[in-house]
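Good morning, and thank you for making time for this. I would like to go through one structure with you, beginning with its sheets, then its helices, and ending with two individual residues.

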Number of protein chains: 2
Amino acid sequence: MFVILVYDINIKRNKKVLKICRRYLNHVQKSVFEGVITEAKLNRLKDEIKTVICKEEDSVAIYEFETLKYSSKEVIGLNELGDNIL
Amino acid sequence: MFVILVYDINIKRNKKVLKICRRYLNHVQKSVFEGVITEAKLNRLKDEIKTVICKEEDSVAIYEFETLKYSSKEVIGLNELGDNIL
């Protein structure tokens, strides 16, 4: 499946979450990741994130899409990812 | 259609883009918006953004989904938006 992960993390924990996400997904913008991932790996990613963040302060939103049909992506300005899955 | 808009904007222009996006979409996280929007309104939003940003420095990624079928969203930690379209 294709996922978009966005986070808003306290500066104290930001680097840790960044490192975790980088192992699973493509880094699109400062706090935005995207990519194709299996359900098993996505669950592992979620578990790792849960061990690091503080649920009362931090926020991680994960959008999951089983198909990329009828979807598209447009970038205005810098396209840090360059090549595009979507 | 449903869109997710994420941006990485130079601090000088950040507030302007935030104000524009707020008029069209729901503010989910610092630099993340989502919501259902018509094609016409989305085009107007894109045009307004293009008049404000510096394409060499700023980045705005817009994910467009014509259907929300086979998709879901999970939030770990703070859910600033509360109610959920997805």
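Let me begin with a definition: two strands are said to pair if DSSP finds at least two bridges between them. Strands themselves are DSSP runs of E of at least two residues, and helices are runs of H or I of at least four residues, both numbered from the N terminus. With that in place, B:F2 stands opposite B:F65 in β4(B).

Before going further, a word on the source. This is a predicted model, in which local features need pLDDT of at least 70 and side-chain atom pairs count only at pLDDT 80 or more, while totals for chains, interfaces and linings use all residues. Residues are numbered from 1 along each chain as its sequence is written, chains are lettered from A and ligands numbered from 1 in the order in which they are written, and side-chain values use heavy atoms, with hydrogens and water left out.

I turn to the sheet that contains that pair. Which strands form this open sheet, and in what order? There are five, in the order β5(A)-β4(B)-β1(B)-β3(B)-β2(B), and their pairing is antiparallel. At the edges are β5 (71-77) of chain A and β2 (26-29) of chain B, each of which pairs on one side only. From one strand to the next, the twist averages 20 degrees.

Helix α1(B) packs on this sheet, touching β1, β2 and β3 (32-36) of chain B, and its direction makes about 170 degrees with that of β1(B). Contact here means heavy atoms within 4.5 Å. For directions, axes are lines fitted to C-alpha atoms, for helices over the stretch in contact, and angles run from 0 to 180 degrees between N-to-C directions.

Let us walk through the pairings. Seven bridges link strand β1 (residues 2-8) of chain B with strand β4 (residues 59-65) of chain B in the antiparallel sense. Besides the phenylalanine pair, B:Y7 stands opposite B:V60 in β4(B). On the partner chain, β5(A) also pairs with β4(B) in the antiparallel sense, over seven bridges; there, A:K73 has B:Y63 as its bridge partner. Strands β2(B) and β3(B) run antiparallel and are joined by three bridges, with B:N26 partnered by B:E34 in β3(B). A hairpin of two residues connects β2(B) to β3(B).

Is β4(B) enclosed or open to its surroundings? Seven of its seven residues are buried, so β4(B) is largely enclosed by the rest of the structure. Buried means under 20% relative accessible area, exposed over 50%, and partly exposed in between, using a 1.4 Å probe and protein chains only. In a regular strand the side chains alternate between the two faces of the sheet. In β4(B), B:S59, B:A61, B:Y63 and B:F65 point one way, B:V60, B:I62 and B:E64 point the other way, and all are buried.

The second open sheet also has five strands, ordered β2(A)-β3(A)-β1(A)-β4(A)-β5(B), with antiparallel pairing. Its edge strands are β2 (26-29) of chain A and β5 (71-77) of chain B. Within it, five bridges join β1(A) to strand β3 (residues 32-36) of chain A, and A:V6 has A:V32 as its bridge partner.

Next, the helices of chain B. The axes of helix α1 (residues 11-22) and helix α2 (residues 39-52) of chain B come within 10 Å and cross at roughly 170 degrees. That makes α1(B) roughly antiparallel to α2(B), given that angles under 35 degrees count as roughly parallel, over 145 as roughly antiparallel, 65 to 115 as roughly perpendicular and the rest as oblique. From α1(B), B:R13, B:K16, B:V17, B:I20 and B:C21 meet B:L45, B:E48, B:I49 and B:V52 in α2(B).

Finally, the two residues. A:K46 is found in helix α2 of chain A and is buried, with a relative accessible area of 7%. Leaving aside residues up to four places away in sequence, A:K46 touches A:I62, A:E64, B:E74 and B:I76.

A:D8 lies in strand β1 (residues 2-8) of chain A. At 16% relative accessibility, A:D8 counts as buried. With the same sequence exclusion of up to four places, A:D8 touches A:E57, A:D58, A:S59, B:Q29, B:K30 and B:E80. An unreviewed UniProt entry carries the annotation "binding site" for A:D8; UniProt positions are given in the numbering used here, feature names are shortened, and annotations may be inferred rather than shown by experiment.
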